[in-house]
Amino acid sequence: MPSRRSFLKQATMTAMAGSFAVGAPQFAFARTGSGKTFIKVFMGGGADGLHLLPPIGDPNYYLVRPNIAVRQPDAADPSAAIKLPGHDGVRALNPNLSPLMEIWDDKNLSFFPATGLVNGDRSHFRKTMMTNYAAPKGDSGGWIGRYFEYASSSTHPLRGAGLKAGSYALKGKKRLPVITNPRGLDISFPDLCAGDGCSDNLLTNEVLSMIDGANTHLSAIAESQKLLIDSSDIIMSSWDAHSTSAGGLEYSESRLGQGLKMAASLLANGHPLEMATIPWDNRWDTHKHIIAEGDNPIGDQNKYYNKNLRNGALDLLCFYRDLKSKGLLDNVVLLVATEFGREIRENGIFGAEHGHAGCWFAFGGPVKGEVALDSALPEVDPANPRRLRGDDRFLSYAMDYRDILSEIVVRHMGASESVVSKVFPKWDWTDRKILTA
Amino acid sequence: MLKNLSINPDQSSRPLRASIIVSFFAMITLLLTATAAAQSVSVDTEETASSSVADAQDAKTRLSTLEKRRAEMRANLRARREKIRSLRSNLRSARSARRTPAARRRESGNAAASFNTPTKQPAASRAALRAARREAREIRRNLRAVRRDLRTTRKELRAAATAPTPAPAPAAVAPAAVLTKPEPAPVPVIPSVTSLHPDVRIDNLPASGDTVSSFGHTIFGAVKDFARFKTVEATIDGSRTMTASVGDQRGQFAVRIFERDFEGDSRAIVKLRGVDAEGETSEVSTIDLRATDDSDGLREALKRVSFGGSPELYEHVQKIGFEKYVEEQLALEGDTRVRDKFGFTDYLDYNEVWSRVKNHKWHSDSVYPFSITLNNYGNAVFNGNQLQQVMTHFWANHFNVNLKGQKRFDVNAPEYWNGFRRHAFDNFETILFHSAKSPAMMIYLDNEHNNKDFVNENYARELMELHTVGVDGGYDDEDLIEVARVLTGWNVKEHGVIDRTDYNGRWMKIRTFNFDPDIHDTDDKHIKFLNMTIKGRTGAAGIQEGEQLIKTLAQHPKTRAFVCSKLVEMLVSDTPPKRYVENCAEAWKSTRGEIKPILRSILLDPDYLEDQSVSRVKTKTPHEYMVGLTRFLDIQRKENQGISSNDSRHFNRNIAKTGYDMYRYPVPTGMDEVSSTWNEVGSLAARLKWGTQIVYEARRQYYMTSGTYYRARKNGFETPEELAAYLLDIGTGERFTESDYESVLKNLVDDKGRFYYNEDNYWNEKKERRHFFKAMAIIANSPSFQIQ
C-alpha cells in the first residue's frame with residue numbers, strides 16, 4: 001500500500017504532467033474558498049518611507065536630511081533616485097529598489113507613501129501588534145484570523161499560513177500553521193522507520209495515534225501536531241515539484257526569498273492558499289547609519305541596508321515573474337507593510353528616530369499602478385531645519401492602512417462588504433479605489 | 001545514586017526491587033512487602049468506621065482553631081512587617097544623615113524631631129531592625145507550622161470522609177458556627193474490597209485511605225508460579241479486560257489503569273490473575289483503587305521551578321516537601337555535585353572561557369557567545385540549583401540583548417549572563433542596574449550614541465516599555481525624550497587590548513560601562529508620568545540623575561504589575577491569574593523588590609500545587625523542551641565531560657531553529673513567556689525533529705550516551721509493560737494517555753512480540769537498545785511530553 005506521502009507526491013506529479021499537456025495548471029485538490037490570494041510582506045523595525053520613495057520634489061526633504069537624503073535622479077549616479085514615469089519631480093524610487101521598475105512599467109505596482117495605523121504610537125511592539133490585530137483590543141485575535149472566521153469557508157490546512165515566521169495577524173479561533181522550513185515539517189527520522197524512504201511512516205503514524213488519544217488537556221498541542229502532519233505532505237510535495245520560471249532569476253536564501261518561493265510553489269501546485277504573511281527581515285530600525293560611508297552612500301552594495309533592499313526587490317521581482325509566467329498573477333495581491341515610518345529629520349548618526357506614516361507598496365494583477373494618496377512634509381524653517389517640535393517631526397497620514405486591506409478583502413478576495421466590519425471591528429471603510437477590479 | 005539503585009539479576013531479592021519502585025514512584029508510598037508473604041488480607045471495615053467519625057469531629061474542631069490561629073498570626077506578621085518597614089526607613093535616614101557633617105550637626109541639634117527612635121545612631125537602628133526581623137522570622141516559622149497542621153488536618157478530614165463508615169447523623173457533625181465554610185453533604189463511604197492472594201503479589205499497593213492520581217496508575221506486581229502462568233489478566237470494574245506479560249525470571253508484571261477507568265466514581269476495582277497456556281487461571285487478587293485529581297501537583301510544579309524532574313529529584317522533594325525544596329533552592333543549597341563534576345561554573349571569566357574554547361577554530365561566529373551557550377546549557381541540565389537557572393533565563397530574556405554581529409561586546413558577554421545568575425534572587429533594582437550599566441545593553445540599544453546634542457531614544461524607550469513599567473506605563477512622547485535626556489552620557493569605555501587575539505587574529509578589547517559628563521544634558525528634566533523633576537547635575541554627579549530615575553522606575557506600581565505578570569506567566573499560567581499577580585506585587589511592595597519573597601508569594605501560595613485550573617495549561621518552550629529532554633535522557637559525554645562545547649552549540653542551534661534564539665534574538669522584547677506562542681506548527685516541527693535527533697545521537701553513542709538507558713537496565717524490568725510505564729512516568733511526570741502508553745509498548749517489542757532486556761549477547765543488546773530508543777523517540781514526540 002502506498003504511504004500517504006508517496007500518494008501525495010504522485011498526485012502532484014500527475015498534476016504537473018497534466019499542466020504540461022494542456023498548458024494550464026491542474027489541481028490535485030479541489031480549490032475551496034475564493035481562489036484568490038493575498039500575501040503580506042512585513043518590514044519589521046519601521047522602514048524609512050522617505051528613503052524608499054524619496055519625495056525629491058520637496059525642498060524640505062533636503063533641508064531636514066542633509067546627509068542621508070537620496071539625490072535627485074541622475075542616470076550616471078548610482079546613489080541617485082530613479083525616476084518614476086508619471087510622477088516626475090514628486091516622488092522617485094530608491095536605486096536599490098530598481099528591480100521593481102519592471103512591475104511599475106507593467107502598471108502592476110502601487111505605492112502608498114503615507115499610510116499605516118493612524119495613531120500617535122511610536123513603539124515597535126505595540127504598533128506591530130496593533131497593526132496586525134487591526135482591532136481596538138487584541139483579544140479577538142488578528143485580522144487574518146478573523147478573515148478566516150467570518151469571510152472564508154475554506155477548511156484546507158494551508159488556507160492561511162505564516163511563511164518563514166508567524167504574525168500576530170494570524171491569531172484567531174482557527175489555528176493556522178507557521179512554516180519556517182518546507183522540509184522542516186517532516187518529523188520522520190531515518191533511524192525510526194523501515195522500508196524505502198521511510199515508507200512505513202512509523203513515527204508519523206505513532207504520533208497520529210497519540211493525537212487521537214489526546215485528552216482535553218492536550219487538545220491544543222494535539223491540534224497543532226495534526227496540522228503539522230497534514231501540512232507537511234502538501235508543502236513538501238509542492239516544494240519539490242516547483243520550478244521557478246522568472247527569466248533567469250532565482251529566489252534568494254533569505255527569509256523573504258524562501259517565503260515567496262513557498263507561496264509560489266503552493267499556488268503553482270493548485271493549493272488554495274488564501275492569505276499568507278512573510279517577513280522581510282527585522283532590520284529596518286535605522287536609528288543609525290542608513291547609508292554607507294564614501295561617495296556612493298546608497299548604491300554601495302557592501303552596506304547591508306542597501307544590499308538587503310536590493311536582494312528583497314529582486315526576490316519580489318522573481319515572485320512577480322514566476323506568477324506571471326504561470327498565469328497566476330491575476331489571482332494574487334502582495335502588500336509590503338511596515339509598522340511606521342521614521343522622523344523626517346535625520347539624527348546625529350545618519351539615521352532617524354521612529355515616526356508616523358510610512359511607505360507601503362503593493363503589486364499584483366488587480367493593482368492599479370500609481371502613487372496613491374501622498375502627504376507633504378511639514379514646513380521647515382530653512383534657517384534652523386533641525387528645530388522641529390511635536391508633530392512637525394513626522395510625515396502625516398494620508399490614509400489608514402485598513403482602507404487598503406478592506407478593499408483587498410472585498411474587491412480582491414470577493415468577500416461581501418458587510419464582512420468588513422467584522423474583520424476590522426469599529427472601522428468605517430473609505431473606498432480609495434486602489435484596485436482595478 | 002546509580003549504584004544504590006542497581007540490582008544484580010542473579011541474586012534478585014524482592015524487597016530490593018520493591019524499594020526501587022518506591023524510589024521512582026514516590027507518590028505511591030506505602031509498600032507492603034510483608035503483606036506479600038502473608039495470607040489473603042482484607043481490610044477491616046468496621047473498626048475504621050467508628051473511629052473515623054470521632055476523628056472527623058475532632059479534626060473539624062481542630063481545623064477551626066487552627067484557622068483562627070492562622071488569621072491571628074497573619075495579622076501579627078503584618079504588624080511586624082509594618083514595623084520592619086518603619087525601622088528600615090529610620091535606618092536609611094540615619095545613614096544618609098551620617099554622610100554629611102552638616103547633617104550630623106543638624107542631627108545633634110534637633111535629634112528628637114528628626115527621628116522616631118530614641119537612639120539616632122545607625123548601629124542602634126540596625127540592631128532594632130535586626131531584632132524585628134528576627135521576630136518576623138519567628139512568626140513566619142510558626143505560621144508555617146500552623147499551615148502544616150492545617151494541611152494535615154484537612155487531609156485527615158478527607159481521609160475520614162472516604163473511610164468506610166455509615167452516613168453519620170447530622171448531630172454528630174461539629175457545630176456550624178465554628179466552621180468557616182458550610183459543611184458539604186456527607187459522602188456515603190464505600191468499603192474497600194481489596195483482597196490479596198499470594199498467587200498474585202502486588203508491590204505498590206496504596207495504603208488504606210490513600211488515593212492515586214486520576215490521570216492513571218500503574219500496578220506493579222509478580223505472579224508466584226511464573227513458570228506456568230505466562231500472562232496476567234486484569235479485569236477492571238468487571239468490564240474491561242486486558243492482559244500483560246509475565247517475566248520469566250521473577251514473574252514480574254505491570255498493569256496500567258487509565259483515566260477512563262476512574263471516570264464516574266473515581267474508583268477502579270482491578271482483579272488480577274495469572275493465565276497459563278491452556279487458559280487455566282490462578283487465584284485472584286483484587287485491588288480497590290480510589291483516585292483524586294489533586295493527588296500530585298508536585299510533579300507539575302517541579303516542571304516549572306526546574307527544567308524537568310528526575311527520579312532522584314521527585315524522591316528528594318517528596319521527602320522534604322515542596323516548601324522546604326523552594327527554600328533550599330532560594331538558599332542555593334541544591335545539589336551541585338554533578339555540575340561540579342562536569343566542570344560547569346556559575347560565573348565564567350575570560351580566562352576560563354578562553355581555555356575552554358581556544359581550540360575550536362571552526363566556529364564561524366564569535367567564540368564568546370558560544371562559550372556562554374555551553375555554560376548556560378550545562379548549568380540548566382546539571383546544576384542542582386534549578387530555580388536559579390530558571391530565573392537566570394528569565395532575567396536574561398527580560399533584558400534581552402542580541403549577540404549576533406555585536407563583536408564589540410562579545411568579550412563582555414559572559415559578564416552579562418554572570419550578572420543575571422549572580423543576582424537571580426537579588427533585588428529587582430540590582431538586576432535592573434546590572435543591565436543598565438552593562439556595555440552589552442548600552443551598545444545593543446544605542447545609548448552610547450545618546451548625547452545632549454542628538455538624543456537617542458532607543459534605550460530610554462525600551463527601559464520603560466520592556467524593562468520596567470511596560471507599554472501601558474502611562475508615559476508619552478515627551479516623557480520619553482525627558483528620560484532619554486536623563487540618560488545622556490551613559491555609554492561605554494574601551495580599555496585597550498587584552499593579551500590575546502581571537503581565532504581571526506583580532507585583538508579583543510574589554511569594555512566597561514562609563515559615564516561621560518561632557519555629553520550629558522545638564523538641564524532639569526520634567527517627567528510628567530512619574531510626577532517628578534530630576535534636577536540637572538553637572539560633572540560626575542550627572543550620573544545620579546539616571547540612578548535616581550532607575551530607582552524610581554524599579555519601584556513603580558506599573559513595574560511591579562508588569563514584571564509580576566511576566567513571572568506568573570512563566571511560573572503559573574499563560575493567562576496570569578489575578579491573585580498571583582497581586583500577591584507578587586504586594587510582596588514586591590513590602591520588600592521593595594526582593595526576588596526571594598516575590599518567588600515565595602507565587603510558589604508557596606497554598607493553591608499552587610493543587611489548583612486544577614492552572615494545571616497542565618502550559619506548553620514547554622523549545623528551550624524547556626530541549627533541556628528537559630536532555631535531562632530525561634540523562635545525556636552525558638562518555639569521557640566524564642557532561643556535555644561538550646560542540647554539543648551545546650548543536651543544541652542551541654537546534655533550539656534556535658524553533659524560533660527560540662536565546663543569544664541572537666533580534667528584537668529587545670526577548671522571547672515570549674506565553675507558552676502558546678511555541679505551539680506553532682513550524683516551531684513544533686523543528687523541536688520534534690531535533691528532539692528525535694538527540695535521542696538517536698544518544699543511541700549511537702559516538703559522542704554521548706544516555707544515563708536513563710543504563711538505569712532502566714539496572715532496574716531489572718522483565719516485561720515491556722514495566723519499562724513503558726517507567727519511561728513514560730519519568731518523561732511526563734506520570735501524566736500520559738492510554739494511546740501514549742500503547743504506542744510506546746508496541747515499539748518496545750520486535751515484530752514477533754519479543755522483549756529484549758538485560759541482554760549479554762551482543763546482537764540482542766543491540767536489539768534491546770534499538771527498541772529502547774525507539775520508545776524514547778516516541779515519548780519525545782508525544783503530545784504529553786510537550787506540555788508542562
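Student: In this predicted model, what makes strands 3, 5 and 8 of chain B a sheet, and in which order do they lie?

Tutor: Two strands count as paired if at least two bridges are found between them. The three strands form an open sheet in the order 3-5-8, with antiparallel pairing. Strands of a sheet pair through backbone hydrogen bonds, either parallel or antiparallel.

Student: Why are strand 3 (200-202) and strand 8 (252-258) of chain B called edge strands?

Tutor: Each of these two strands pairs on one side only. On average, neighbouring strands of the sheet are turned by 35 degrees against each other, direction ignored.

Student: How do you know that strand 5 (residues 216-223) of chain B pairs with strand 8 of chain B?

Tutor: The criterion is at least two bridges, and seven bridges join these antiparallel strands; therefore they are paired. Within strand 8 of chain B, B:Phe253 is the residue opposite B:Gly221.

Student: Which helix packs on the sheet, and what does it touch?

Tutor: Helix 28 (residues 720-732) of chain B does so, touching strand 5 and strand 8 of chain B. Its direction makes about 50 degrees with that of strand 8 of chain B.

Student: Why is B:Ala424 called buried or exposed?

Tutor: Buried means under 20% relative accessible area. B:Ala424 has a value of 1%, so B:Ala424 is buried.

Student: Where is B:Ala424 placed, and which residues does B:Ala424 touch beyond four places away in sequence?

Tutor: B:Ala424 lies in the loop between helix 15 (413-422) and helix 16 (428-436) of chain B. Its contacts beyond that range are B:Gln388, B:Met391, B:Thr392, B:Trp395, B:Ile431 and B:Ile595.

Terms used:
Residues are numbered from 1 along each chain as its sequence is written. Chains are lettered from A and ligands numbered from 1 in the order in which they are written. This is a predicted model: local features need pLDDT of at least 70, side-chain atom pairs count only at pLDDT 80 or more; totals for chains, interfaces and linings use all residues. Side-chain values use heavy atoms; hydrogens and water are left out. Buried means under 20% relative accessible area, exposed over 50%, partly exposed in between (1.4 Å probe, protein chains only). Contact means heavy atoms within 4.5 Å. Axes are lines fitted to C-alpha atoms, for helices over the stretch in contact, and angles run from 0 to 180 degrees between N-to-C directions.
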